[in-house]
There are 2 protein chains.
Amino acid sequence: MAKSPKISASHEPGGLIVHISGLLPSLSPAEQRVARLVVADPADAARRTITDLATAAETSEATVIRFCRSVGMDGYPQLRIRLAAEAARRVEPPDARVVGGDIPPGADLAQIIATIAFNDARAVEETAEQLDPAVCEQVVEAIGNAGRIDVYGAGASGFVASDFQQKLHRIGRTAFYFPDVHTALTSAALLGRGDVAVGISHTGTTSDVIEVLEQARGRGAVTVALTNFPRSPITEVADFVLTTAARETTYRSGAMASRLAQLTVVDCLFVGVAARNRARTKKALEVTAEAVQSHRVGSGRRRA
Amino acid sequence: MAKSPKISASHEPGGLIVHISGLLPSLSPAEQRVARLVVADPADAARRTITDLATAAETSEATVIRFCRSVGMDGYPQLRIRLAAEAARRVEPPDARVVGGDIPPGADLAQIIATIAFNDARAVEETAEQLDPAVCEQVVEAIGNAGRIDVYGAGASGFVASDFQQKLHRIGRTAFYFPDVHTALTSAALLGRGDVAVGISHTGTTSDVIEVLEQARGRGAVTVALTNFPRSPITEVADFVLTTAARETTYRSGAMASRLAQLTVVDCLFVGVAARNRARTKKALEVTAEAVQSHRVGSGRRRA
DNA sequence: GCCACGGATGAAACTTACTTTCATGAAGCG
DNA sequence: CGCTTCATGAAAGTAAGTTTCATCCGTGGC
């Protein structure tokens, strides 16, 4: 007699659990006991050893193996792994309260973390989605060919501006950032055709930044605005407008998510510029990394 | 001060993969080979037997076991199951090319944007997942009660440090940031019991930051480290260790994703501290917002 | 330059887990 | 009542995982 394959479960696409409970009636009593344990708590079953599970089902290891074969698995380890995977896939969506955006008054730290991370991640993703590659391309082009790049920003956006400046500088582009309006104005006045001025302002209403950008534009420089609000005043003095998509909530007045979104945009521009001349950029990055090497300890691997 | 038992992320609730890549530098060469295989394709690793995996990593079973222990598992079966679970949870990213992290040479801007945004968002989410609320709580507590807070950071992490300083300052906490090591050292020397020093370093090997943190600790201040690598040198001089979970790729040497992850952590701490006294904080934020009002044009609020 | 030391490593011994085989006994059926 | 079939677990057998230990290699002291 040929080894009669009972149920040929070549594939059980949906869920293994569903599959098992489906053929539960067709199993022998002892196997059913095993099956019930597995279905009841897959994750727990995955944790058990075959002997353990057999004992729990009041049967022998042999029966557990038979059960594995019955549901189409090669052996117990396979079943275990599949169960672990199944159990993990059943992810319960993050706490509903988290989605809203603002942090509830009585929130504990775990909630705060979840909320912030959720909003931050969303801001980054949504910003990327709505970024216009064509506009970015032109900005990258302009920056790549610029004689000089000025980056303006105040407050929280100032950090982003400063970061951008440092990045550009690191790949050999001549870039400046000014924490002070007067200096910035002076610099803007010295810009000319072929130069680029980037103004960063979340609200798009920071008069200092707008003013400086306006000055730069008047001198013939290409002006770029990075803001969250596509119709804000800063866009009126910009040749190119890049927008972030952060839904800043009232409480989080530190402009938290917007900052991350801005940084993402900055990174995109940076990599775009860097990619224009991969070889030279790579060299520059290596050289600069080397420069700070002596300020690092334990160059190799770290403490065991 | 005696080497106090440092509290670090003894749990790795979020991503095991993330956890492993964080520990990667602290592993021995042979273990690193194993780790790389595991991180590269968790699902595949889960399918393999220990002998198989050992062979693939060109090492012995013993080393694989050592690796399991190094990352906090009891043994190989446990690792297998966890890996299977992890792999299952993973959402397939939109574009296969995006996954690796590095940007392909011929990439156009749209691809670059997608890649960066994906990695950035990922870093933020994974960081939040593995952050230990208990440790955060203690750090928040310390900062909330601190007489004074010093924040240290160099290079890219310097921006984050500076951002944190500004945030704390804004809600009325006395906080400092020093772009210069000498000044920072001077400041650290003046710290005492009840003060807090926060050191930020992606690699955890920046000697300047470590040195300053050590100084601060010697003076009795509570020291906090924010790094991507839970076993890096900086953690040895920290009472509390907070880790980010950025998988920085070679090309993106500007430490891009890590910066966002750091900012997320900073935001969490900030909100945590702010939440300790909602009323006072709110007032402070309102007042400071008002202060810059005259530097904004177009009075009305903008909404996205 | 030599030696002691400590960590990294794999071979082999060992243990545990998994799988197969086989004897038993219960139920179905002539 | 005896034969067959099948479920079942005990036990043997095999494979997987774990521990032990000797060796090797790099490091730092003398």
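## Exercises on a predicted model

Of the 18 residues around DNA strand D in this predicted model, A:Ser28, A:Ser60, B:Ile50, B:Gly75 and B:Tyr76 come nearest.

**Exercise 1.** Work out which elements give two or more residues to the surface near DNA strand D, and how its residues divide by class.

*Solution.* Start with chain A: helix H2 (29–40) and helix H5 (61–70) each qualify. Then go to chain B, where helix H4 (50–56), helix H5 (61–70) and helix H6 (76–89) do so too. Finally, sort the surface residues by class: you get eight nonpolar, seven polar and three charged.

**Exercise 2.** Describe how helix H11 (residues 181–189) and helix H12 (residues 207–218) of chain B pack.

*Solution.* First grab the axes: they come within 8 Å and cross at roughly 15°. Angles under 35 degrees count as roughly parallel, so H11(B) and H12(B) are roughly parallel to each other. Next, the handedness: H11(B) passes H12(B) in a right-handed crossing. Now look at who touches whom: B:Val181, B:Ala184, B:Leu185, B:Ala188 and B:Ala189 in H11(B) meet B:Asp208, B:Val212, B:Gln215 and B:Ala216 in H12(B). Sorted by class, that contact has seven nonpolar residues, one polar and one charged.

**Exercise 3.** Do the job again for helix H8 (residues 109–130) and helix H13 (residues 256–276) of chain A.

*Solution.* Here the axes come within 9 Å and cross at roughly 40°. The crossing of H8(A) past H13(A) is right-handed. Among the residues making the contact are A:Ile116, A:Ala123 and A:Val124 of H8(A), along with A:Met256, A:Leu260 and A:Val265 of H13(A). The class tally for this contact is nine nonpolar, four polar and one charged.

Definitions and conventions
Residues are numbered from 1 along each chain as its sequence is written. Chains are lettered from A and ligands numbered from 1 in the order in which they are written. This is a predicted model: local features need pLDDT of at least 70, side-chain atom pairs count only at pLDDT 80 or more; totals for chains, interfaces and linings use all residues. A residue is near a molecule or strand if its C-beta atom, placed from the backbone, lies within 6 Å of it. Helices (H or I, at least four residues) and strands (E, at least two) are DSSP runs, numbered from the N terminus. Ala, Val, Leu, Ile, Met, Phe, Trp, Tyr, Cys and Pro count as nonpolar, Asp, Glu, Lys and Arg as charged, and the others, Gly among them, as polar. Axes are lines fitted to C-alpha atoms, for helices over the stretch in contact, and angles run from 0 to 180 degrees between N-to-C directions. Angles under 35 degrees count as roughly parallel, over 145 as roughly antiparallel, 65 to 115 as roughly perpendicular and the rest as oblique. A crossing is left-handed if the near helix is turned anticlockwise from the far one by less than a right angle, and right-handed if clockwise. Two residues are in contact if their C-beta atoms, placed from the backbone, lie within 7 Å.
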